[in-house]
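Let's take a walk through this protein, going from the overall picture to the packing of its helices and then to the charged pairs. Keep the model open and turn it as you read.

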Amino acid sequence: MTATMPETAQPGTVRPEPGKPQTARPQRVKPQPVQPETVQQPTPTDGAVRRGELAAFLRSRRERITPEQVGLPRGPRRRTPGLRREEVAHLSAVGVTWYTWLEQARDIHVSPQVLDAVARALLMDRAERGHLFALAGAADPVRGKECTGVPQAMRQMLDQLAPFPAVIQNSRFDILAYNSTYGRLLCDLDALPEEDRNCLWLAFTNADWRASLVDLDKTLCVMAAKFRASMAGHVAEPAWKALVARLEAASPEFREIWARQEVVRPVTHSKIFRHKEVGLLRLSSTGLWTGPNHGPKMLTYTPDDEESRERLERLQALVNGVRP
């Protein structure tokens with residue numbers, strides 16, 4: 001007879017008693033690491049987005065203006081591109097801290113009068129000024145009046161060039177200022193609303209302007225190609241996109257030319273204009289940048305021959321109300 005060996009209990013175990021139901025031992029639960037709560041980032045409000053866009057726009061305008069353009073000395077240690085913040089504040093007659101907060105997108109109140117002063121200090125043209133006030137959610141106090149961005153000294157130079165036509169325009173073909181002869185060279189600019197004083201817009205939509213261009217088809221193609229070349233550095237700016245959209249809506253001719261994707265560099269050459277009262281004018285154009293950077297420029301038109309000179313003088317006499 002074989003003897004049965006008793007089971008040997010393993011260390012650390014408890015054997016159930018005979019006749020007693022076995023109960024399950026509770027399982028030891030391993031503690032789980034506490035996960036940090038996810039913090040929801042606040043959604044930017046419309047006001048915050050506008051302040052951010054306004055701050056970026058002001059910085060970009062400040063960095064493109066040189067000290068010489070606003071009558072300030074450059075100094076030997078200047079490293080900041082364009083103007084410094086304190087210089088803009090000084091030119092605008094506002095506090096440096098306040099203007100700094102404006103460029104930092106702080107939630108501060110901006111009055112239309114202060115925006116007007118800043119726009120003048122940064123030599124903004126009509127489109128840039130309108131964009132500034134739109135971002136600030138304010139009404140422009142001088143809307144519809146004399147265009148901004150051209151110093152008075154430059155306007156005096158324009159007037160002194162008469163009877164030679166002269167105009168200041170930016171790379172978007174906006175007409176910023178002009179003398180009396182240019183104001184009647186292609187059409188009556190004084191009779192047009194400011195939003196229509198753009199050479200590209202007038203070349204495609206204004207009957208008088210188009211009738212004054214002897215080689216209309218070539219001129220339109222060259223102007224559109226120049227505009228496209230200039231727009232490469234401004235493709236994200238609302239004023240440029242708005243002008244293209246406006247032209248596409250108003251002129252099938254512009255849509256057809258614009259779709260060609262042609263570009264050309266600006267060149268100086270002789271132009272022929274047909275004035276309904278004084279006749280043909282053969283003029284050479286010269287472009288003079290108003291600062292070291294390629295921003296606004298002054299275009300002057302000088303006669304190619306004595307006959308054109310005499311006709312320019314007759315045109316100036318007509319502008320002054322003197323009839324032959």
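**A walk through the fold**

Arg120 is partly exposed, with a relative accessible area of 46%. Arg120 forms a salt bridge with Asp116, and the closest N and O atoms of the two are 3.2 Å apart. Asp116, for its part, is buried, at a relative accessible area of 13%. Both residues sit in helix 4, and because they are 4 residues apart there, about one helical turn separates them. We'll come back to this pair, but let's step back first.

What you're looking at is a predicted model. The secondary structure comes to 12 helices and 5 strands. There are 324 residues in the protein, and 37% of them count as buried. On the outside, the protein exposes about 20000 Å², with carbon and sulfur atoms supplying 53% of that area. As for how the chain meets itself, take the contacts with a separation of 6 or more: residues 24 or more positions apart account for 53% of them.

Now for some helix packing. Two packed helices are described by the angle between their axes and the distance between the axes. Find helix 1 (residues 46-64) and helix 3 (residues 96-103): their axes come within 7 Å and cross at roughly 115°. An angle of 65 to 115 degrees counts as roughly perpendicular, and helix 1 and helix 3 are therefore roughly perpendicular to each other. On the helix 1 side, the contact is made by Leu54, Ala55, Leu58, Arg59 and Arg62, and they meet Tyr99, Leu102 and Glu103 of helix 3.

Next, have a look at helix 2, which spans residues 85-92 and has Glu87, Val88, Ala89 and Ser92 as its buried residues. What covers them? The cover includes helix 1, helix 3 and helix 4, the last of these running over 112-121. Just after helix 2 comes Ala93, with a positive phi near 60°.

That brings us back to helix 4. Its buried residues are Leu115, Asp116, Ala117, Val118, Ala119 and Ala121, so Asp116 of our opening salt bridge is on this list, being buried at 13% relative accessible area. The cover over the buried residues of helix 4 includes helix 1, helix 2, helix 3 and helix 5. Helix 4, too, is followed by a residue with positive phi: this time Leu123, near 55°.

Back to the charges, then. How many salt bridges does a search of the whole structure find? The count is 15. One of them is formed by the side chains of Glu128 and Arg64, which meet at 2.6 Å, N to O. This pair links distant parts of the chain, since Glu128 belongs to helix 5 (residues 126-136) and Arg64 to helix 1, 64 residues apart. Glu128 counts as buried at 9% relative accessibility, whereas Arg64, at 27%, counts as partly exposed.

Further along, the side chains of Asp196 and Arg246 meet in another salt bridge, at 2.5 Å, N to O. Here, too, distant parts of the chain are linked: Asp196 is in the loop between strand 2 (175-178) and helix 7 (199-205), Arg246 is in helix 10 (residues 238-250), and their positions lie 50 residues apart in the count. Asp196 or Arg246: which is buried and which is partly exposed? Asp196 counts as buried, with 16% relative accessibility, while Arg246 counts as partly exposed, with 31%. And the pair we started with is part of something wider: salt bridges that share partners join Asp116, Arg120, Arg129 and Asp140 into one network.

Two last stops. Pro252 lies in helix 11 (residues 252-258). Is Pro252 buried or exposed? Its relative accessible area is 53%, so Pro252 is exposed. Pro252 and Phe204 are 48 residues apart in sequence, yet 9.4 Å apart in space, C-alpha to C-alpha.

Finally, turn to the surface patch. Val214, Ile272 and Leu280 make a nonpolar patch of about 200 Å². Ile272 has its place in strand 3 (residues 270-275), and with a relative accessible area of 37%, Ile272 is partly exposed.

Conventions. Residues are numbered from 1 along each chain as its sequence is written. This is a predicted model: local features need pLDDT of at least 70, side-chain atom pairs count only at pLDDT 80 or more; totals for chains, interfaces and linings use all residues. Side-chain values use heavy atoms; hydrogens and water are left out. Patches are made of residues with over 30% relative accessible area and no salt bridge: like charges are joined within 9 Å, nonpolar side chains (Val, Leu, Ile, Met, Phe, Trp, Tyr) within 5 Å. Accessible areas come from the Shrake-Rupley method with a 1.4 Å probe; for residues, only the protein chains shown count as cover. A salt bridge is a side-chain nitrogen of Lys or Arg within 4 Å of a carboxyl oxygen of Asp or Glu. Helices (H or I, at least four residues) and strands (E, at least two) are DSSP runs, numbered from the N terminus. Buried means under 20% relative accessible area, exposed over 50%, partly exposed in between (1.4 Å probe, protein chains only). Axes are lines fitted to C-alpha atoms, for helices over the stretch in contact, and angles run from 0 to 180 degrees between N-to-C directions. Angles under 35 degrees count as roughly parallel, over 145 as roughly antiparallel, 65 to 115 as roughly perpendicular and the rest as oblique. Contact means heavy atoms within 4.5 Å.
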